[in-house]
Amino acid sequence: MQPVTIALAKGRPAKQSIDLLEAAGIHFEDFHEKTRKLVFFNKDKTLRLIFLKGMDVPIYVEKGAADIGIVGRDNIIETEADVYEILDLGIGKCKFSVAGKKGVSLPDNQSLTIGTKYPNIAKNFFDKRNQTIETVHLNGSVELAPLIGLADYIVDIVETGNTLHENGLEILADIETISTKFIVNKASFVTRSKEIQDVLKKLEQVVSEKNANSRL
Ligand SMILES: Nc1ncnc2c1ncn2[C@@H]1O[C@H](COP(=O)(O)OP(=O)(O)OP(=O)(O)O)[C@@H](O)[C@H]1O
Ligand SMILES: O=P(O)(O)OC[C@H]1O[C@H](OP(=O)(O)OP(=O)(O)O)[C@H](O)[C@@H]1O
């Protein structure tokens, strides 16, 4: 039998995701924080872990190249992947916001230029306001765009708000909250149900214990 493949997003929440798997008793051999390897197996080779860019995780899962994905909801919404979103892992918590230079308002009656890593999310938000936008698709340091005059506003992730604050920007509207999700390929959910439920139940247990402890 093929191993069940778990696609895990590299980047910020990767360490916390691995810690959750470990706490659930799911260990991958030879894995260590500084490794450059991208594929790992558990001891009995029933599970395979692959590391990839967050934006690629929902694609791998939708196409069945991975059965399970552990990835930020930002990537799921942006890619519009057709997958089951099963469990909120309670990590990687942040939100999507529209921001601009301090003191500048967000007009609702004119076309705007928006700098963002997430053009679909930006477009969907402004579509709902019946507002046309031109997006400038950026790959990072998005907060620079309004400062340098590349775009009037940005749509980006905000966690502490420090990056906005330190660059003289402020939130003008909140779009939605984000966290890291456990997603599953729709066909695998049926064909590999037993193996997937086994991983899911272990993670659910760890997440609910963490939530209970944080309420104490
Ligand atoms: N400031 C933040 N606070 C909390 N979670 C964040 C923050 N920024 C990003 N995230 C979450 O962590 C995931 C990975 O973010 P990170 O910025 O580390 O990715 P990255 O690897 O730099 O991105 P890219 O894939 O664009 O190179 C995001 O998809 C999002 O879900
Ligand atoms: O509200 P804060 O806690 O300041 O976090 C928000 C920042 O974190 C993310 O960027 P990241 O650090 O991933 O860098 P990037 O510019 O390469 O996307 C995001 O794009 C913001 O810039």
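This is a short chat about the two ligands in a predicted model.

Visitor: What kind of model is this, and which residues count?
Guide: The model is predicted; local features need pLDDT of at least 70, side-chain atom pairs count only at pLDDT 80 or more, and totals for chains, interfaces and linings use all residues. Residues are numbered from 1 along each chain as its sequence is written, chains are lettered from A and ligands numbered from 1 in the order in which they are written, and side-chain values use heavy atoms, with hydrogens and water left out.

Visitor: Ligand 1, then. How many residues surround ligand 1?
Guide: 13 residues do, and the closest are Arg12, Lys53, Asp74, Lys117 and Glu159. A residue counts if one of its heavy atoms lies within 4 Å.

Visitor: Which polar contacts does Lys53 offer ligand 1?
Guide: A polar side-chain atom of Lys53 lies 2.6 Å from an oxygen atom of ligand 1. For Asp74, a side-chain N or O atom is 2.5 Å from a ligand 1 oxygen. For Lys117, that distance is 3.1 Å. A polar contact here is a pair of N or O atoms within 3.5 Å.

Visitor: How much of ligand 1 does the protein bury?
Guide: The protein buries 74% of the 620 Å² that ligand 1 exposes when taken alone. Areas come from the Shrake-Rupley method with a 1.4 Å probe.

Visitor: Where does ligand 1 lie relative to the domains?
Guide: Ligand 1 lies between domain 1 (4-92 + 179-215) and domain 2 (94-178), because both give residues to its shell. The domain bounds come from an automatic or database assignment.

Visitor: Switching to ligand 2. Which residues are closest?
Guide: Arg12, Ser141, Glu143, Thr160 and Thr163 are the closest of the 13 around ligand 2.

Visitor: What does Arg12 do there, distance-wise?
Guide: One of its polar side-chain atoms lies 2.4 Å from an oxygen atom of ligand 2. Asp156 also has a polar side-chain atom 2.8 Å from a ligand 2 oxygen. Gly161 uses a polar backbone atom, 2.8 Å from an oxygen of ligand 2. The protein covers 72% of the 500 Å² of accessible area that ligand 2 has on its own.

Visitor: Which strand and helix feed that shell?
Guide: Strand S9 (153-158) and helix H6 (162-166) each supply at least two residues. S9 gives the largest share, three residues. Both are DSSP runs, with at least four residues for helices (H or I) and at least two for strands (E), numbered from the N terminus.

Notes
Polar contact = N/O pair within 3.5 Å; in protein donor to acceptor, adjacent residues only side chain to side chain.
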